[in-house]
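Trainee: Please take one strand pairing and go through it closely, along with its surroundings. I have not seen this structure before.

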Amino acid sequence: MSSNKYIRDFPILNQTMNGKPIVYLDNGATTQKPDSVVRAICGYYGGCNANPHRGAYELSVKATDIYESARAKVAKFINAEKPMEIIFTKNATESLNLVAYSYGLNNINVGDEIVLTILEHHSNLVPWQQVAKAKGAILKYIYLDQDGNVNDEEIDSKITEQTKIVALTQVSNVLGLVNDVKKVADKAHSVGAVVVVDGSQSVPHMKVDVKALNVDFFAFSGHKMLAPMGIGVLYGKEKLLEDMTPFLTGGDMIEYVEEQTTTFAELPSKFEAGTQNVGGAAGLSAAIDYIEKIGFDEIERIERELVDYALPRLRELPYIELYGCNSKKSNKTGIVTFNVKDVHPHDVATILDAEGVAIRAGHHCAQPLHRYLGINSTCRASFYLYNSTDDVDRLIEGLKKVRKVMHLDS
Amino acid sequence: MILDDIYTELIAEHSRSPEHRHHIDNPTFTERGHNPSCGDEITLELKVADGKIADASFTGVGCAISQASTDMMIELLKGKSVEETQRLANLFLSMIKGDVTDEAELEDLEDAAALKNIANMPARVKCATLAWHTLNSAINGRKG
């Protein structure tokens with residue numbers, strides 16, 4: 001697959017960066033949007049915009065239909081039992097904060113344990129630190145095997161009778177390794193804890209079935225799966241959401257408001273205060289259509305092919321150090337993380353930028369993981385369905401120039 | 001983008017073997033600077049005596065630009081008065097903003113003037129300015 005037929009759906013990738021055709025390998029940060037998604041957003045604002053759930057007129061009904069049909073589509077996409085279990089947020093970070101504040105603060109007490117993995121993105125870590133601090137709870141971490149997978153014995157030993165919440169990512173945004181969420185959920189449920197899953201790096205890349213995984217809460221962002229920025233999802237089991245207090249309060253999430261008291265709306269409105277991002281929901285709906293048209297078998301095949309193509313070529317370069325690329329146990333999504341010996345990742349990214357290649361450099365919002373691995377920061381190339389082996393070749397060619405530019409090799 | 005204008009031999013040298021990366025005895029000020037998005041971290045140590053920077057050093061990790069910039073800054077400010085140090089820091093920050101481009105005026109920055117081209121690289125401005133903002137915090141903290 002030297003080129004890729006899907007790239008023609010992404011006109012943004014038909015441009016140059018620093019005079020070279022752009023190679024976009026920062027999909028773990030955000031993906032590009034296909035024409036169909038851009039058209040859906042334009043179509044909403046160009047033809048259907050009104051405040052949903054409010055106006056008693058046709059245009060508002062249209063907007064409401066678009067918003068609610070997007071919810072139903074998301075529910076089906078991740079196999080939620082009911083659309084009301086889908087709460088629209090602005091991103092996974094807000095979704096996880098919603099759980100931390102509305103569930104965590106009300107259900108965690110002094111001495112309770114919250115268990116995370118050391119892989120967590122700050123968005124599924126800092127909110128739990130805040131809850132632990134506010135309630136006097138104990139934050140515990142599940143550490144990794146040598147190859148970067150979550151250690152099975154740690155799952156068994158860290159989750160105890162005191163554990164009330166287990167929060168983990170389904171796919172590490174740094175290592176790209178897939179965690180066995182079902183196994184963690186079973187263990188958590190055996191001690192009566194709830195499981196909160198960050199699906200930001202899994203939902204765009206693999207079929208997710210929240211019922212089969214038996215998770216209690218599941219969060220993801222639209223913008224990492226071809227949809228616009230500013231629309232995200234929280235799935236929660238109906239019973240849990242029912243018992244929770246609202247996260248934000250105000251318009252559209254109420255039933256009756258008296259001078260001193262308020263009764264709240266039913267799910268999902270209870271968690272959607274204020275005018276929502278209907279254009280974003282329209283874009284997310286079109287993104288799901290696009291992904292389903294291609295299918296996860298094809299998406300996984302493309303990403304696997306790119307990783308299989310990239311790894312031996314990176315290993316040929318003696319100055320490249322790879323992270324999370326030796327796992328025999330778990331699946332890996334299209335993420336390749338590495339360092340160039342003696343060169344800081346930020347300098348690597350600048351040199352690749354000059355070659356038209358976009359990668360991410362830094363700690364990828366996972367400082368505790370980097371500290372645990374004993375590294376300051378890393379370079380990450382993350383693939384998606386429109387990338388090709390030509391893109392990998394351009395990455396490799398760029399990397400071959402890095403040490404020379406830094407005056408390390410002649 | 002002409003990489004050779006950024007990653008000059010001089011900057012490579014300052015970042016690879018920074019002369020001033022060590023601790024000093026009994027610093028008057030120890031100030032940490034951090035770019036959370038990319039992970040550059042430095043700790044600046046200053047010894048001030050009689051209104052002058054008697055000694056200075058740094059420790060830390062970061063990209064070539066942040067480390068070279070810090071090393072060149074320390075080279076420049078050693079022995080200077082605190083007031084002059086502040087003037088130079090502001091001159092450097094103006095240069096990176098692209099507000100001062102006159103070569104003669106920038107001569108006062110000595111080696112650090114080599115980072116002038118960072119003005120054309122918005123993605124790397126934070127790396128170049130980290131040390132100088134940290135210096136300002138250290139000195140202003142002292143005044144306050």
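**A strand with two partners**

Mentor: Strands E2(B) and E3(B), the latter covering residues 52-61, pair in the antiparallel sense over nine bridges. A strand here is a DSSP run (E, at least two residues), numbered from the N terminus, and pairing takes at least two DSSP bridges. The model is predicted, so to speak of local features requires pLDDT of at least 70 and side-chain atom pairs 80 or more, while totals for chains, interfaces and linings use all residues. Residues count from 1 along each chain as written, chains are lettered from A and ligands numbered from 1 in written order, and side-chain values use heavy atoms, without hydrogens or water.

Within this pairing, B:Val48 faces B:Ile53 of E3(B). The two strands make a hairpin with two residues between them, where B:Asp50 has a positive phi near 55°.

E2(B) also pairs with E1(B), residues 29-35, again in the antiparallel sense, this time over seven bridges. Here B:Glu31 lies opposite B:Leu44 of E2(B). E1(B) and E2(B) form a hairpin too, with four residues between the strands. In that turn, B:Gly39 has a positive phi of about 95°.

As for surroundings, E2(B) spans residues 40-49, and seven of its 10 residues are buried, so the strand is largely enclosed by the rest of the structure. Buried stands for under 20% relative accessible area (1.4 Å probe, protein chains only).

The cysteines of chain B can be taken next. Across all chains the structure has zero disulfides, a disulfide being two cysteine sulfur atoms within 2.5 Å. A:Cys379 is in none, and the nearest cysteine sulfur to its own is that of B:Cys63, 12 Å away. A:Cys379 is buried, because its relative accessibility is 0%. For B:Cys127 the closest cysteine sulfur is also in B:Cys63, at 3.8 Å, which is too far for a bond. B:Cys127 is likewise buried, with 1% relative accessible area.

Chain A offers another antiparallel arrangement: an open sheet of four strands in the order E13-E14-E17-E16. Its edge strands are E13(A), residues 320-323, and E16(A), residues 360-362, each of which pairs on one side only. From one strand to the next the twist averages 30° (the axes are lines fitted to C-alpha atoms, and angles run from 0 to 180 degrees between N-to-C directions). E13(A) is joined by four bridges to E14(A), residues 335-340, and the two run antiparallel. There, A:Glu321 has A:Asn339 of E14(A) as its bridge partner.

Note on methods. Buried < 20%, exposed > 50% of the residue type's maximum accessible area, 1.4 Å probe, protein only.
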